[in-house]
Amino acid sequence: MRFVLVVYGDPGAWVHPMFLRGGRSAADSGEDRPPPVESLLHELAESGELIDATALADPINTTTLQTKDAADGPQLVEGSVESGGRYVAGFFVVDCESHARAVEIGRRLPVAGSQAVEIRPVLGLSGWEM
């Protein structure tokens with residue numbers, strides 16, 4: 001079963017949540033990427049569970065297509081759909097045996113201790129594959 005683990009960020013934080021290391025930024029530790037993430041990614045790649053892992057750019061660079069008036073079609077608006085301040089910072093797509101395993105993987109992300117990680121099943125083009 002495929003799951004997406006969506007990592008959320010907080011605009012009050014000065015570091016991208018995908019690069020946290022035990023609550024500190026990877027830059028503070030002098031490393032490009034935190035070892036916990038690297039070792040987890042390596043483990044998931046070795047087991048065949050990792051499909052993709054991607055960090056997203058700062059939300060200040062976001063544009064959104066929204067349908068405000070059906071007659072005019074979608075309008076381009078600056079900013080994110082999410083208005084509560086938090087933003088999607090990145091995601092991991094995993095192919096694992098169960099929801100419980102996806103939760104286990106999510107808990108091992110360094111960001112899980114300080115930011116939200118949403119775990120959702122991925123639908124195939126034909127619908128549920130669960």
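This passage describes the salt bridges, the aromatic and cation–ring geometry, and the nonpolar core of the structure. The model is predicted.

A search of the whole structure yields 6 salt bridges. One of them joins Arg101 to Glu43, with 3.8 Å between the closest N and O atoms. Since Arg101 belongs to helix α2 (residues 99-108) and Glu43 to helix α1 (residues 35-47), this pair ties together parts of the chain that are 58 residues apart in sequence. The two partners fall into separate accessibility classes: Arg101 has a relative accessibility of 11% and counts as buried, whereas Glu43 is partly exposed at 32%.

Glu43 also takes part in a salt bridge with Arg108, for which the N to O distance is 2.8 Å. This interaction likewise links distant parts of the chain, with Glu43 in helix α1 and Arg108 in helix α2, 65 residues apart. Arg108 is partly exposed, with a relative accessibility of 36%. When neighbours within four places in sequence are left aside, the contacts of Glu43 are with Arg101 and Arg108; these are the residues with which Glu43 forms the salt bridges at 3.8 Å and 2.8 Å.

A further salt bridge is formed by Arg120 and Glu118, whose closest N and O atoms are 3.4 Å apart. Both residues are partly exposed, Arg120 with a relative accessible area of 48% and Glu118 with one of 24%. Through shared partners, salt bridges join Glu43, Glu49, Arg101, Glu104 and Arg108 into one network.

With respect to aromatic groups, the count of aromatic pairs is 0. A charged side chain is nevertheless placed over a ring: Arg86 lies over the face of Tyr8, at 4.1 Å from the ring centre.

The largest nonpolar core comprises 16 residues. Phe3, Leu5, Val7, Phe92, Val94 and Leu109 are the members with the most contacts inside this core. Two or more residues are contributed by each of the strands β1 (2-9) and β7 (87-95) and by the helices α1 and α2. In soluble globular proteins, nonpolar side chains tend to be buried together.

Val94, one of the core residues with the most contacts, touches residues from several stretches of the sequence. Beyond its neighbours within four places, Val94 is in contact with Met1, Arg2, Phe3, Leu5, Leu44, Glu49, Ile51 and Ile105. Among these, Phe3 and Leu5 are also listed with the most contacts inside the core.

Leu44, a contact of Val94, is located in helix α1. Its relative accessible area is 1%, and Leu44 is therefore classed as buried, the limit being under 20%. Outside the four places on either side in sequence, Leu44 touches Glu49, Leu50, Val94, Arg101 and Ile105. For one of these contacts, Ile105, the C-alpha to C-alpha distance from Leu44 is 8.9 Å, while the two residues are 61 residues apart in sequence.

The contacts of Leu44 also include members of the charged network: Leu44 touches Glu49 and Arg101, and both of these residues belong to the set joined by salt bridges. Val94 likewise is in contact with Glu49.

Methods. Residues are numbered from 1 along each chain as its sequence is written. This is a predicted model: local features need pLDDT of at least 70, side-chain atom pairs count only at pLDDT 80 or more; totals for chains, interfaces and linings use all residues. Side-chain values use heavy atoms; hydrogens and water are left out. A salt bridge is a side-chain nitrogen of Lys or Arg within 4 Å of a carboxyl oxygen of Asp or Glu. Helices (H or I, at least four residues) and strands (E, at least two) are DSSP runs, numbered from the N terminus. Buried means under 20% relative accessible area, exposed over 50%, partly exposed in between (1.4 Å probe, protein chains only). Rings of Phe, Tyr and Trp (its six-membered ring) pair if their centres lie within 6.5 Å; planes under 30 degrees apart count as stacked, over 60 as edge-to-face and the rest as tilted. A charge sits over a ring if NZ of Lys or CZ of Arg is within 6 Å of the ring centre and within 35 degrees of the ring normal. Contact means heavy atoms within 4.5 Å. A nonpolar core is a set of buried Ala, Val, Leu, Ile, Met, Phe, Trp, Tyr and Cys residues joined through side-chain atoms within 4.5 Å.
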